[in-house]
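Me: I would like a close look at one part of this protein. Please keep it brisk and spell out your cut-offs.

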Amino acid sequence: MGNTESNPEDLDNTTGGLSGLSAARKALSKDAKDSSAATQESEHDANDEDRNDKDDQPILDLSSEENKEKLKKLIASVPEDVANSDLARFICEVTLRFRKGDFLSAKQRVKNYFEWRLKYLGGYEVQNLNKDPEMLAVLKSGLIRLVPVADKKHRAALIVQLKRHTPAKTSALTVLRTWHYVVMRALRTASAQQFGIVMVGDLGGASFNNLDLRIPKTILGAVSKNVPLRVHRICVIRPFMVLRVLLPVVKPFMSQKIRSRLVVLPDPASKEQGLAQHLEVGKLPEDVCGTEKEFNHLATVESWEKEDSKLPAECPLEKEREGEENDDDDDDDGNNHVGDDSKGQKDP
């Protein structure tokens, strides 16, 4: 996984945030050499992804004989401790769609993912909100929210509001666990598995006291090499002035492909240069300039708690919805979206 990643022990502590621009520059310059190495390591994945990153391809049919055989081989490659589990099958299905049927790159990503999961989550047990009060608290704070279907390709959107993070109270590792939990929720649909997600970073009302630079570095490392997640777009909205100075310094931690997908939107409500250019605003909550008046994040979290209370010892396989492979081609009007969960309803 490379030597540029943070150790879990280094992430599992709180910090007072950054006191100002000089402190931010000092924190970033400390990792300057690592950022160059990290970029080089992730370029291979980015270039490889270019060959598969096309929206006009149909969703990969895992029921074909060819893909059944690939899936069987992928499952056989997972660590012994997780072999024959629903988690193994789910991750292998997700990864095969993420790699759009390319077996060799899918096999490598599956290997990377389980190594990453063991390192940062401490094992293969399903994440459960009822067993992780710190993660539950982060979700209830609204720091990370999920819009299960946010555009016409049925991509999910992860909304992160920086002003809701207090580094002095919440460790980077807790935020990382929470991010992973929400990502696994987002990947319940075949559309998100193949076409990816949009990450929305809302910096409105935030200050340096809300910044923990370990978090974006660790998440970018997870996305670039380990977690089977396609990031279609990163939309940074309402950036406070100082971050515009810092952004060129943060970019080296990103692969070239991820950098090309980063957009900064000072006015997210603008029809010409706002979120409407990337997402369906009718699906987004009003506090990020959406028009979905009934978006209820806390109700969704409550539904997740209830669902998690019924979990077995290992992760249940997320079942495909019958006929979903055809939905993306037939339904571009925003209706009948798979997994539309903005009111906290559970996917079938």
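Me: Which residue meets the side chain of Arg145 in a salt bridge, and at what N to O distance?

Reply: This is a predicted model: local features need pLDDT of at least 70, side-chain atom pairs count only at pLDDT 80 or more, and totals for chains, interfaces and linings use all residues. Residues are numbered from 1 along each chain as its sequence is written, and side-chain values use heavy atoms, without hydrogens or water.

The partner is Asp287, at 3.1 Å from N to O. Arg145 sits in strand β1 and Asp287 in the loop between β5 and α13, so the pair ties together parts 142 residues apart in sequence. A salt bridge here puts a side-chain nitrogen of Lys or Arg within 4 Å of a carboxyl oxygen of Asp or Glu. That rule gives 18 salt bridges. Strands (E, at least two residues) and helices (H or I, at least four) are DSSP runs, numbered from the N terminus.

The same loop between β5 and α13 (297–308) also holds Thr291. Outside its neighbours within four places in sequence, Thr291 is in contact with Val281, Gly282 and Leu284. Contact means heavy atoms within 4.5 Å. Thr291 and Val281 are 10 residues apart along the chain, with their C-alpha atoms 5.9 Å apart.

Now the sheet. It is open, with 5 strands in the order β1-β2-β3-β4-β5 and mixed pairing. β1 (144–147) and β5 (262–265) are the edge strands, each pairing on one side only. From one strand to the next, the twist averages 20°. α8 packs on this sheet and touches β1, β2 (156–161) and β3; its direction makes about 5° with that of β1. Axes are lines fitted to C-alpha atoms, for helices over the stretch in contact, and angles run from 0 to 180 degrees between N-to-C directions. β3 and β4 run parallel, joined by 6 bridges. Pairing requires at least two DSSP bridges between two strands. Val200 stands opposite Cys235 in β4.

α8 (172–186) and β3 (197–202) also help line the largest cavity, each with at least two residues. α10 gives the largest share of that lining, 4 residues. Val160, Gly201, Leu203, Ile215 and Pro216 lie nearest the centre, among 26 lining residues. A cavity is a set of points on a 1 Å grid over the protein atoms alone where a 1.4 Å probe fits but cannot get out; lining residues have an atom within 4 Å of a point.

How values were computed
1 Å grid on protein atoms, 1.4 Å probe; cavity = no way out; pocket = protein on both sides within 12 Å on 5 of 7 lines; lining within 4 Å.
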